[in-house]
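Welcome! Take a moment to look over the chain and its fold, and then we will walk through them together.

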Amino acid sequence: MTGEPGELVAQLAALRDAFPGYRFRRRNVQGVACYLAEARSGADAPLAAARSPEILADMLAAAAGRPVRLRPAAVAAAYRDRLMTVKQCAAMFGVSRTTVMKFLAAEGVALRRPGGDVDEQAVVTAYRDERLSLHGCAARFGISQRRVAAVLERHGVLRRPVGRPPQPSAGRWTSA
């Protein structure tokens, strides 16, 4: 793609023909020229943005379930620009997580650490005060149970025994 105005108009026209339910616009998003696809109607249609019309077409086709020639740039755009996870990219493009990671490395995209910006104090509060389990905390904050345990250990929070909490029996509490 050379980026000439006539070529861009032709590419946007091709997108309009291929995806009649969308309207396409060129916008600057945080100083980067992007192409946006917005559904004309229907809230369940995917909203997509990409740095080139070709990648935008691939992302829309994959989201619509159409066969797509897999391009590393499209995978990188979904991961980087739409903030999708590796697992979500793999499901969207119909490839393994390993393939997605190889494409991201080839495109020079650094992997995000899951839960990298997690509020550790909120994790501690949820476990200690709200009595959520490790599994419950992990699900709420989008991190692993092992990461929850590490946060609790860093903050000196004693872990509860594994299993069900004591149940009332005949008006009295018993410990199992």
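This report moves from the overall layout to the cores, the helices and a few single residues.

## The overall layout

Keep in mind that this is a predicted model. The chain has 176 residues, and 31% of them are buried. Its secondary structure adds up to eight helices and five strands. If you follow the sequence from start to end, the order is α-β-β-β-α-α-α-α-α-α-α-β-β.

You can also ask how far along the sequence the contacts reach. Taking contacts between residues at least 6 apart in sequence, 37% connect residues at least 24 apart.

## Two nonpolar cores

In soluble globular proteins, nonpolar side chains tend to be buried together. Here, the largest nonpolar core contains 17 residues. Tyr-79, Cys-89, Phe-93, Val-100 and Leu-104 have the most contacts inside this core. At least two core residues come from each of helix H3 (72-80), helix H4 (86-93) and helix H5 (97-107). H3 gives the largest share, with six residues.

Which residues does Tyr-79 touch, if we leave out those up to four places away in sequence? The list is Met-84, Thr-85, Val-86, Cys-89, Leu-104, Val-109, Ala-110, Leu-111 and Arg-112. There is also a second, separate core of 13 residues, and Val-118, Val-123, Tyr-127 and Ile-143 are among its members.

## Helices H6, H7 and H8

Let us turn to a group of helices further along the chain. The axes of H6 and H7 come within 10 Å of each other and cross at roughly 145°. The crossing of H6 past H7 is right-handed. On the H6 side, the residues that meet H7 are Ala-122, Val-123, Ala-126 and Tyr-127. Their partners in H7 are Leu-134, Cys-137, Arg-140 and Phe-141.

Helix H8 covers residues 145-154, and its buried residues are Arg-147, Val-148, Ala-149, Val-151 and Leu-152. What do the buried residues of H8 pack against? They pack against helix H6 (120-128) and helix H7 (134-141). After H8 comes Gly-156, which has a positive phi near 70°.

## An exposed arginine in a loop

Arg-131 lies in the loop that runs between H6 and H7. Its phi is positive, near 60°, and this residue is not a glycine. Is Arg-131 buried or exposed? Residues over 50% relative accessible area are called exposed, and Arg-131 is exposed because its relative accessibility is 55%.

## An exposed arginine in a helix

Arg-97 belongs to helix H5. With a relative accessible area of 52%, Arg-97 is exposed too. Even so, Arg-97 has contacts: not counting residues up to four places away in sequence, Arg-97 touches Val-86, Lys-87 and Ala-90.

Arg-97 and Thr-85 are twelve residues apart along the chain, and their C-alpha atoms are 9.7 Å apart.

## Rings and a charge

How many aromatic pairs are counted here? The count is zero. The ring of Tyr-127 does have a charge placed over it, though: the charged end of Arg-160 sits there, 4.0 Å from the ring centre. Tyr-127 has come up before, as a member of the second core and as one of the H6 residues that meet H7.

Definitions and conventions
Residues are numbered from 1 along each chain as its sequence is written. This is a predicted model: local features need pLDDT of at least 70, side-chain atom pairs count only at pLDDT 80 or more; totals for chains, interfaces and linings use all residues. Side-chain values use heavy atoms; hydrogens and water are left out. A nonpolar core is a set of buried Ala, Val, Leu, Ile, Met, Phe, Trp, Tyr and Cys residues joined through side-chain atoms within 4.5 Å. Buried means under 20% relative accessible area, exposed over 50%, partly exposed in between (1.4 Å probe, protein chains only). Helices (H or I, at least four residues) and strands (E, at least two) are DSSP runs, numbered from the N terminus. Contact means heavy atoms within 4.5 Å. Rings of Phe, Tyr and Trp (its six-membered ring) pair if their centres lie within 6.5 Å; planes under 30 degrees apart count as stacked, over 60 as edge-to-face and the rest as tilted. A charge sits over a ring if NZ of Lys or CZ of Arg is within 6 Å of the ring centre and within 35 degrees of the ring normal. Axes are lines fitted to C-alpha atoms, for helices over the stretch in contact, and angles run from 0 to 180 degrees between N-to-C directions. A crossing is left-handed if the near helix is turned anticlockwise from the far one by less than a right angle, and right-handed if clockwise.
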